[in-house]
Every structure is written in C-alpha cells, then in structure tokens.
Amino acid sequence: EDIHPQDYKNILNLITSALKNNKLEIFNLNKVPKPKTNVNYNNDKTFLDFALINENEQIFTNMLWSIFSYKNVFNYFCNDFIFEKNINKQNIRNIQFDVVKEEKVQDGRIDIFASSNAYDVIIENKIHSGLNGIKKEDSCTQLKIYYDYISKQRQKKPICFILIPNYKKEDILEEINKSDKKMKNIFRVITYKEIYIFLEKCIKQQILDSQYVYFKYLNDLLLGIKKHSLTSKELY
C-alpha cells in the first residue's frame, strides 16, 4: 500500500462495495514475476507457520502427546532416552503405558504423564517460556512440585524429562541450577534436535506408520521441530 497507494484504494473500494451490496467480488491477482537473479526461496513453510502456531508450546505438547499415545511409540521413546541403571531395556518395550496430557497436580499441570505398574514418566515441554511456579522461599520450581506430587501419589519415584529447543538449553539449565538445584540431576534435558532425530527414525522404521491418524501431517511437524533445533549461535 505504501508503494502503490492507488492499487490499495481500488481494492479497498471493491471490498467496501461488496460489503455494501452483499455481492462477492472476484479478485484476479497479478502474478509477481520471479527475479532473474538466483534467490533462495523459503519453501519449508508448514501449516504451523501459516496458522501462526510454530512458537506455541501447547500445540507442540498436544502433537507430541498424540504421537506418544500411538501404539508402542512411547516404549521406543523410553528405550532411547531412559538411562537409569535399574531399568531393564528388554522389558520396557512390553510395558503398557497410559499416556495422558495436562495431568492435573497441585499447583499446576504436567504436560505429558505416562503411568504404568512398573514406571511413571513426567515430561515437561518448553519452547520460549521459562520454569513456572518458582518459589524463592522454598528454592523450587514446577519441576519439584510435579516430582514430589507424583512420588507421593504413586509411591514410587518418577522418571523425569524436560524437552527444550536447542537455543534454549543453556538458559533452562541455568534456571534450574539457580532456582531448583535439587532437580538438576532428576530432570534429564532432551533437546528438540534429539526429538527430531527420534521421530525421523520412528517414521523410517515404520514405528509411526500410515495408520497413525495424523500421519500426513508428520512432515510438517518434523519441520516445525527442526526449526527449534537450532543452537543459539545458529538462531542468531
């Protein structure tokens, strides 16, 4: 509108007229010619970008929960990321997990919670937000609140993860060290790059197959996760 004010006015008049007369107008837009010089076009846009939700923490939590809930994907997740010495990796693939999102606990909600007779798993997902529920007087955050609540309710110590973009890793680690040092060795950090590699492997090995209800959107999800896999240096 700044460069071609008359074109802008003409279109505005058409819109005003259409609203006034209850008549739809067909806009025949002129194609923008491609520049003759070589230009790197950004062709990796996804529905997440167009819906302006590629930065939305809740959206990614919902999608990851959906994937983890499919068949035995969560068992493979445990097999790849749980390193506790007392856990038998051979048995973990046969455990029946109940995977839920937004598990309500005292003073908050766990993003993804998986329960079974053998193990309970807490997953906290972060994108741009920091740790919530910081109580300076108690030297704790939402991480300790979740850990203590599940430990008490389930009578066993949960296995805990926090998912974060690669560019956010140092900030979150510093925040844990400063506000909730006891959780430093309890919550294992998993970067979005690690999640990207894991999901890519699940698709290649057909652990995530075409029967998954949102299979056709997985490429978009992977690209969305990949955009949060940049380090701070790469991002800037």
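Which buried residue has no salt bridge, and how far away is the nearest side chain of opposite charge? The residue is D180, and the side chain in question belongs to K144, 6.5 Å away. Here, buried means under 20% relative accessible area, exposed means over 50%, and partly exposed lies in between, with a 1.4 Å probe and protein chains only. A salt bridge requires a side-chain nitrogen of Lys or Arg within 4 Å of a carboxyl oxygen of Asp or Glu. As for charge, Lys and Arg count as positive and Asp and Glu as negative, while His and the chain ends are not counted.

The model is predicted, with local features needing pLDDT of at least 70 and side-chain atom pairs counting only at pLDDT 80 or more, whereas totals for chains, interfaces and linings use all residues. Residues are numbered from 1 along each chain as its sequence is written, and side-chain values use heavy atoms, with hydrogens and water left out.

D180 sits in the loop between helix 7 (169–179) and strand 5. Helices (H or I, at least four residues) and strands (E, at least two) are DSSP runs, numbered from the N terminus. The side chain of D180 makes a polar contact of 2.7 Å with that of T141. Such a contact is a pair of N or O atoms within 3.5 Å; within protein, one must be able to donate a hydrogen and the other to accept it, and residues adjacent in sequence count only if both atoms are side-chain atoms. K144 enters the picture through its backbone too, as its backbone nitrogen lies 3.5 Å from a polar atom of the D180 side chain.

Turning to the sheet, five strands form an open arrangement in the order 1-2-3-4-5, with mixed pairing. Strand 1 (98–105) and strand 5 (187–191) are at the edges with a single partner strand each, so one side of each has no neighbour in the sheet. Neighbouring strands are turned by 30 degrees against each other on average, direction ignored. Two strands count as paired if DSSP finds at least two bridges between them.

Strand 3 (120–125) pairs with strand 2 in the antiparallel sense over four bridges, and these two strands form a hairpin with four residues between them. On its other pairing, strand 3 runs parallel to strand 4, joined by five bridges. I122 takes part in both: F113 stands opposite I122, and in strand 4 the bridge partner of I122 is C160. C160 is in turn the bridge partner of F187 in strand 5, where strand 4 (159–164) and strand 5 pair in the parallel sense over five bridges.

Helix 8 (192–204) packs on the sheet, touching strand 3, strand 4 and strand 5, and makes about 70 degrees with the direction of strand 5. Helix 4 (73–81) lies across strands 1, 2, 3, 4 and 5, at about 85 degrees to strand 3. Contact means heavy atoms within 4.5 Å; axes are lines fitted to C-alpha atoms, for helices over the stretch in contact, and angles run from 0 to 180 degrees between N-to-C directions.

Six of the six residues of strand 3 are buried, so this strand is largely enclosed by the rest of the structure. D120, I122 and E124 point one way, and V121, I123 and N125 the other.

Two residues that are not glycines have a positive phi: N22, at about 55 degrees, and Q206, at about 60 degrees. N22 lies between helix 1 (5–21) and helix 2 (47–50) and is exposed at 74% relative accessibility.
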